[in-house]
Amino acid sequence: MADVGSTNQLVSVVTLLGAAILVVPFFKKIGLGAVLGYLAAGLIIGPFGLQLFNDPQSIIHLAELGVVMFLFLIGLEMQPKHLWGLRKYIFGMGSLQILVAIVFLTSLGMLYGASWQVAFIAGSGFVLTSTAVVMQTLSDRGEMTSDRGKRIIAVLLFEDLLIVPLLAVVSFLAPESSQVLNAQAPFWQSIAIAIGALALLIVAGIWGFNPLFRISAQTKIRELMTAVALFVVLGSALLMEASGLSLAIGAFIAGVLLSNSSFRHQLEVDIDPFKGLLLGLFFLGVGMSLDLVYVFEHWLLIIGGVFAMMLMKGLVIYVVARLTGSNQEDSLDRAVVMAQGGEFAFVLFSTAALQNVISAEMQANMTAIVVLSMVLTPVFIILHQKFIAPRFHKQDKRPNDPIDEQNEIILIGLGRFGQVINRLLRSCGFNPTIIEYDVALIGQMKKLGIKSYFGDATHPDLLKRAGIDTAKLLIVALDNPNKITQIVKHVRSINPHIQIIARAYDRFHVIELTRAGSNIEVRETFDSALRAGKQALQALGIDRDKVHEIGNEFFGRNRHGVKLMAETYDPSLRQFENEKMLQVIIEEDQETMMVIQQILQRER
C-alpha cells in the first residue's frame, strides 16, 4: 500500500505542473508572457486562490535554485576578460544606482511617517531588484549578451555583493536587547570569511573543476556528467551562502571559471532544463505568496507604496542610466525592467523583524509591496513595449549628419569589412567620405582619428550631399544585402560613370548586384574560405606552387560559373527550385574538378 505522505507529495507535483501547463501557454499566446502566466497560475492554486497549496515560501526557497542556475549559465558566457571589461558598470554604475536609490527610497519612507531606521530597511530591501524577473525578461527578449543586457546584469551582480554589508547594517540598527540575543560576528570578520570563500572557490575552479569533469567524461556515463555539473553549481552556491554572500554569486563565479573549459557546451545542455523548470516554480511560488486578503485590508497603503516606490526607483534608474551614457530608449527600458523589488528583500525584512528593527506589521506590508511589484512588472513591461517604447524610439532617431566634404571615393559601412578597406585606402594616401549608421561605432572610430558621418545611405539626399553625382568610386561595405542592392541600383541610375564595388552575401547576391549595376562584387566569405582551403591543401602535403595554381583556377572558374548562372537566374524561384541553374552548377563543379585533378596529376 502506497504511503499517504508520498502520495500527497506526488499530487502536489502534478498540481504544480498541471497549473503551469494550462495557464502559461494561454498567457503566452495572448501576448502577456510566460512570467505573468506562472504568477497567475500560482495565484490560482495558492492559499488565496483554490488553496491547493498553503506553504508558498518552501516552494520559493527550493525554486531559487533556478536563479542560481541562470547565473551559472550567464557566467559560462562571460570569460574573465569580458567580466573585467564590465567592471566600470558593476562597481561604477551599479554603486551609483544603488546608493542614489537607497537615499531617495529612504526619504520616501520617511515621508510616509516611518522612522529613518525603518525607512532605510524598507528602501534597501526594495532597491534590490528581482534577479529572476529581470533574467527571464532578458532571456525571452534574447538580450542576455547584448550591450543593454550586460549593463543590467552588471548592476544585478553588484546588488548581490551588498548582502553582507546590508545584513551588518541591520544588526547595527537593532536595539541592544536584540543585539545580545542575535549576536553575530564582527563586520570585518564577515568580510574576511567572504573573501576567503571567494579565494577558495577561485582556486577550486582553476585547478579542480576541469580535472573533475575530465574524469567523469572518461567514464562515458552521461548521467554522471550531469551529476558533476549540478555538484559544481550547487556546491559553489552553497559555499558562498555559508560565507554570507549569495547563492547566485557563487554560481556565477563558477560559470566564469568554466567559461574557457572544453566542457562548456555540455554544461549548458545539462543545466538548462533544470534552470527553466525551477525558475517556473519560483514564479509560481511568488504568485502563491501574494496575500490578497491582506492587500485588500490595507489596500490604500500597499497599492500606494507599490506605485510610489516603483516610480521613485524607476526614475533613479533612468537618470543614472542617462548619466552613464545610455540613450533615452535604453534608459527608459532599464527603468521599467528593474523598477520592482527582489527576492532578497524577503531575507532582509525577516532578519530586520527578527532583530526588532521593524515590526511584524511593517514586514507584512513591505513583503506585500515587493511581491506585488514583481507581479506587476511583466504587465508594465508589456505596456511599455507596446505603447511607450515605439514613441521614444522615434524621438531617439538621430537625423542624418550634414556632410561638409566631397571626395572622389565614398565608403558606405565601417564595420569589420569596411574598416579593412578604409585602412588600406588611407595607407595609400586616399581619404574616402565614410557614411555609417552605428552611432557607437562612429564614436569609437573617432578616437582612432577616423572621421565618419552618421546617416542612412539608402536616403538619396544623403548621398547627394556626399557628392555621389561627381564621385569616381563607391564602395558599399554594409552587411545588409537588401540595402546594398538598393543603394547600388539608385547610385547607378544617377551616375552611370561611377565605379561601384559592392560587398555580396553569396553568389546569388552577386547576380542581383550585377543586374543592379555594380562593377565588382566581393563575396564576404569567399576569399577567406578559399584561403583556408588552400591552407588545408598545404597541410595535406600538396606542393605550395600547385596549391597556388589550384586556388587561382578555382577562383577564375567560380567567377565564370556565376556569370553562367546569371543567365538562368529567376528571382521568382527559390535557389534550389531553378532546374536550369542547378544544372549549370553541377556542370561547372564537374569541370572544375577535372581541371584540378589534371593539375594534381601533372608532374612538376
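Visitor: In which helix is Leu108 found?
Guide: This is a predicted model. Leu108 belongs to a helix spanning residues 87-111. That helix is α5.

Visitor: Is Leu108 buried or exposed?
Guide: The relative accessible area of Leu108 is 12%. Buried means under 20%. Leu108 is therefore buried.

Visitor: Which residues is Leu108 in contact with, leaving aside neighbours within four places in sequence?
Guide: Gly123 is 15 residues from Leu108 in sequence, with 8.2 Å between their C-alpha atoms. The contacts of Leu108 beyond four places are another matter. They are Ala308, Met309 and Met312.

Visitor: How many residues of helix α7 are buried?
Guide: Helix α7 covers residues 131-141, 11 in number. Among its buried residues are Thr131, Val134 and Leu138. The helix is largely enclosed by the rest of the structure, because the buried residues number eight.

Visitor: Which residue caps the N-terminal end of α7?
Guide: Look at the backbone nitrogen of Val133. A side-chain oxygen lies 3.2 Å from that nitrogen. The oxygen belongs to the capping residue, Ser130.

Visitor: Which helix gives the largest share of the largest nonpolar core?
Guide: The largest nonpolar core has 114 residues, and Phe72, Ile121 and Phe213 have the most contacts inside it. The largest share of this core is 10 residues. They come from residues 264-288, helix α15.

Visitor: What does Ile121 touch, not counting residues up to four places away in sequence?
Guide: Ile121 is one of the residues with the most contacts inside the largest core. Its partners include Val170 and Leu173. The others are Leu348, Phe349, Ala352, Val357 and Ile358.

Visitor: How many residues does the other core have?
Guide: This core lies apart from the largest one. Among its residues are Leu462, Leu478, Ile484 and Ala502. The count is 33 residues.

Visitor: Where does Asp456 lie?
Guide: Strand β3 covers 453-454, and helix α23 covers 460-465. Asp456 lies in the loop between β3 and α23.

Visitor: Which side chain of opposite charge is nearest to Asp456?
Guide: Asp456 is buried yet has no salt bridge. Its side chain does make a polar contact with the side chain of Thr458, at 2.7 Å. Asp456 also touches Asn400, Tyr437, Leu462 and Lys483. The nearest side chain of opposite charge is 4.0 Å away, that of Lys483.

Visitor: What percentage of the protein's residues count as buried?
Guide: The secondary structure comes to 28 helices and six strands. The protein has 604 residues. The buried part is 46%.

Note on methods: Residues numbered from 1 in each chain as written. Predicted model: local features only at pLDDT ≥ 70, side-chain atom pairs only at ≥ 80, totals over all residues. Heavy atoms only, no water. Helix = DSSP H or I, 4+ residues; strand = E, 2+ residues; numbered from the N terminus. Buried < 20%, exposed > 50% of the residue type's maximum accessible area, 1.4 Å probe, protein only. Lys, Arg positive; Asp, Glu negative; His and termini not counted. Polar contact = N/O pair within 3.5 Å; in protein donor to acceptor, adjacent residues only side chain to side chain. Contact = heavy atoms within 4.5 Å. Core = buried A, V, L, I, M, F, W, Y, C linked by side-chain atoms within 4.5 Å.
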